[in-house]
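Q: Could you take me through one part of this model, a pair of packed helices and the empty spaces around them? I would like a connected account rather than a list.

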Amino acid sequence: MEEIAKLISDGSDTFLRTEYLSISIFMIIFAIIIATIVEPERGTFFITGAFLLGATTSIASGYIGMWISVRANVRTTKCANSSLAAGFVCAFRGGAVLGFTLVGLGLLNLVLLIMYYKSVFLNPNKEGRGYKELFQVVAGYGLGGSSIALFARVGGGIYTKAADVGADLVGKVVENLDEDSIMNPGTIADNVGDNVGDIAGMGADLFGSLAEASCACLVISGTSADLINSNGYYYPLLISALGIIVSFFTTFFSTHVIKANNREKVMLSLNLQLLISTLFMTPVLYYCSQAFLPPSFTLTAGNIKVTRTECFYCTALGLWSGYVIGYVTNYYTSGSYAPVKKLAKQCVQSAATNIISGLALGYYSTFIPVVCIALTIFISFTYADMYGIALSALGMLSTLCVGLTIDGYGPISDNAGGIAEMCDLEGARENTDILDAAGNTTAAIGKGFAIGSACLVALALFGAFATECNIEAVNILKPLEFAGLIYGAMLPYIFSAQTMSAVGDAADEMII
């Protein structure tokens with residue numbers, strides 16, 4: 001077990017070191033570009049420093065998550081050889097380390113960055129002069145985090161899917177081997193992919209969303225003298241900080257209250273994590289808004305009057321939209337519900353009808369999440385303009401510790417199953433199969449959170465940009481704007497085609 005776990009660990013470490021070397025070159029080049037194009041009076045050094053700190057934090061978070069997962073996998077295998085409940089707790093705690101480390105480290109560095117920049121960059125007075133410039137500089141932190149997310153998510157994602165497809169085709173088509181067979185040379189690469197794609201990649205992706213949403217809130221806060229004078233600009237950071245505490249108590253239910261000693265209880269324990277954290281977080285968000293925001297304040301951009309209760313509505317709406325997106329994702333991907341059961345029956349007829357129905361099922365699954373996001377955007381914008389949308393994104397990400405915990409649980413369980421198979425641990429393999437089945441569904445839930453929050457964060461960033469540039473409206477009926485809209489709608493198809501082609505090409509080479 002230790003020998004195989006070391007192979008997985010070495011492979012994951014090698015991949016990330018190679019990937020991070022390429023990313024470091026990009027970071028240096030981009031930092032030089034930022035330093036060149038930003039005017040010195042706008043804080044060239046400070047923007048570049050914030051960018052590099054955000055990028056470094058993202059890299060550190062991904063590497064720490066991988067480092068923990070490749071050590072938790074073999075421990076989960078050993079625990080699962082004793083009992084299902086012991087294996088579940090070990091895998092769950094391994095995922096929790098990823099969740100709490102990433103959110104805690106990201107928030108800590110952002111707070112320290114603001115404190116340091118306040119001491120050397122500002123000479124604030126009662127009117128709040130200088131805070132606007134400060135938060136524009138701090139926004140580089142979010143840019144750094146999202147830049148690394150681009151590489152880590154796509155690079156790790158292509159690797160893990162190529163290794164998965166390649167190993168499966170070699171095993172099932174070429175040699176008729178069982179999954180994770182010790183005779184399959186692609187098995188180690190497949191297990192490495194779970195760590196570098198679903199742990200390091202997803203972690204960097206969601207860290208980028210968290211950093212960007214926080215920075216967007218801060219930039220918009222900088223336009224309000226009321227928020228600055230009352231220290232209300234810390235409100236977005238307090239949402240994430242209190243989310244860590246709520247998530248800490250939520251994880252207690254999975255490790256101590258619910259004993260996951262059968263298949264149903266494993267899924268129940270993971271599903272309740274989202275519900276319990278959402279229920280606990282709602283009153284906490286209300287307390288946070290009432291205690292740390294002024295009764296009302298004015299956003300200078302558009303001269304909009306906002307109350308603290310309206311801010312609570314925005315964050316709570318984002319929080320519950322995130323839960324609904326997670327629940328719907330679970331419904332459409334779990335084997336416990338009708339959609340997947342119906343799809344499984346169609347496999348009896350032919351692969352063609354299964355592919356057609358599966359694609360249709362995927363299309364259906366987008367309806368409710370998109371409705372939730374659209375309602376969240378509409379209501380939040382009505383209450384608090386672009387500041388409300390940024391708050392709703394933070395509300396959705398307020399339980400990120402729990403989301404990353406159940407997301408990280410999946411790859412750890414998958415690795416544990418591979419180690420059990422290669423070591424002929426029949427008892428452990430039976431238990432890890434149950435853990436892995438639940439992990440596949442929770443991985444899909446994590447992707448739902450990533451997509452939903454990314455949509456809100458993108459709009460929040462545009463709002464921050466519009467606020468800074470005093471853009472009051474965009475008329476999409478003008479030729480240039482409408483052409484840009486059509487062009488932007490096409491880009492996801494191009495990116496998807498490129499990533500899918502990369503997976504196919506890499507899988508072909510792997511088979512050969």
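**A helix pair and its surroundings**

A: Happy to. In this predicted model, α4 and α5 pack with their axes 6 Å apart, at an angle of about 160 degrees. An angle over 145 degrees counts as roughly antiparallel, and α4 and α5 are therefore roughly antiparallel to each other. Their crossing is left-handed. Sorted by class, the residues in the contact of α4 with α5 are 20 nonpolar, twelve polar and six charged.

Let's turn to the enclosed space beside this pair. The structure holds five cavities of 30 Å³ or more, and the largest cavity has a volume of about 60 Å³. Its lining consists of Ala167, Asp168, Gly171, Lys172, Leu177, Asp178, Glu179, Asp180, Asn184, Thr187 and Asp190. Two elements, α4 and α5, each give two or more residues to that lining. The largest share, four residues, comes from α4. By class, the lining of this cavity has six charged, three polar and two nonpolar residues.

Now for the open spaces. The second largest pocket has a volume of about 700 Å³. It is lined by 23 residues, and those closest to its centre are Ile47, Gln136, Ala139, Gly140 and Leu143. Here α4 and α5 appear again, and together with α1 (2-37) and α14 they are the elements that give two or more residues to the lining of the second largest pocket. Again α4 provides the largest share, this time eight residues. In this lining, 14 residues are nonpolar, five are charged and four are polar.

The largest pocket holds about 2300 Å³ of space. Its lining has 48 residues, of which Arg153, Asp205, Lys447, Ile451 and Ser496 are the closest to the centre. Many helices take part: α4 (131-174) and α5 (187-221) each supply at least two lining residues, as do α9 (308-333), α10 (338-346), α11 (351-364), α12 (367-396), α14 (426-469) and α15 (479-511). In the largest pocket, α14 gives the most to the lining, with eleven residues. The class split is 26 nonpolar, 16 polar and six charged.

Since α14 contributes to both pockets, its own packing deserves a look too. Helix α8 (residues 263-292) and α14 have axes that come within 9 Å and cross at roughly 20 degrees. Angles under 35 degrees count as roughly parallel, and α8 and α14 are therefore roughly parallel to each other. The crossing of α8 and α14 is right-handed, whereas that of α4 and α5 is left-handed. On the α8 side, the contact is made by Arg263, Val266, Met267, Leu270, Asn271 and Leu274, and on the α14 side by Ile434, Leu435, Ala437, Ala438, Thr441, Thr442, Ile445 and Phe449. By class, the contact of α8 with α14 has ten nonpolar residues, three polar and one charged.

To draw the picture together, α4 and α5 pack roughly antiparallel to each other, and both give two or more residues to the lining of the largest cavity. Both also help to line the second largest pocket and the largest pocket.

Key: Residues numbered from 1 in each chain as written. Predicted model: local features only at pLDDT ≥ 70, side-chain atom pairs only at ≥ 80, totals over all residues. Heavy atoms only, no water. 1 Å grid on protein atoms, 1.4 Å probe; cavity = no way out; pocket = protein on both sides within 12 Å on 5 of 7 lines; lining within 4 Å. Points joined across faces, edges and corners; volume = space filled by probe spheres on them. Nonpolar A, V, L, I, M, F, W, Y, C, P; charged D, E, K, R; others polar. Axes fitted to C-alpha atoms, helices over the stretch in contact; angles between N-to-C directions. Parallel < 35°, antiparallel > 145°, perpendicular 65-115°, else oblique. Left-handed = near helix turned anticlockwise from the far one by under 90°. Contact = heavy atoms within 4.5 Å.
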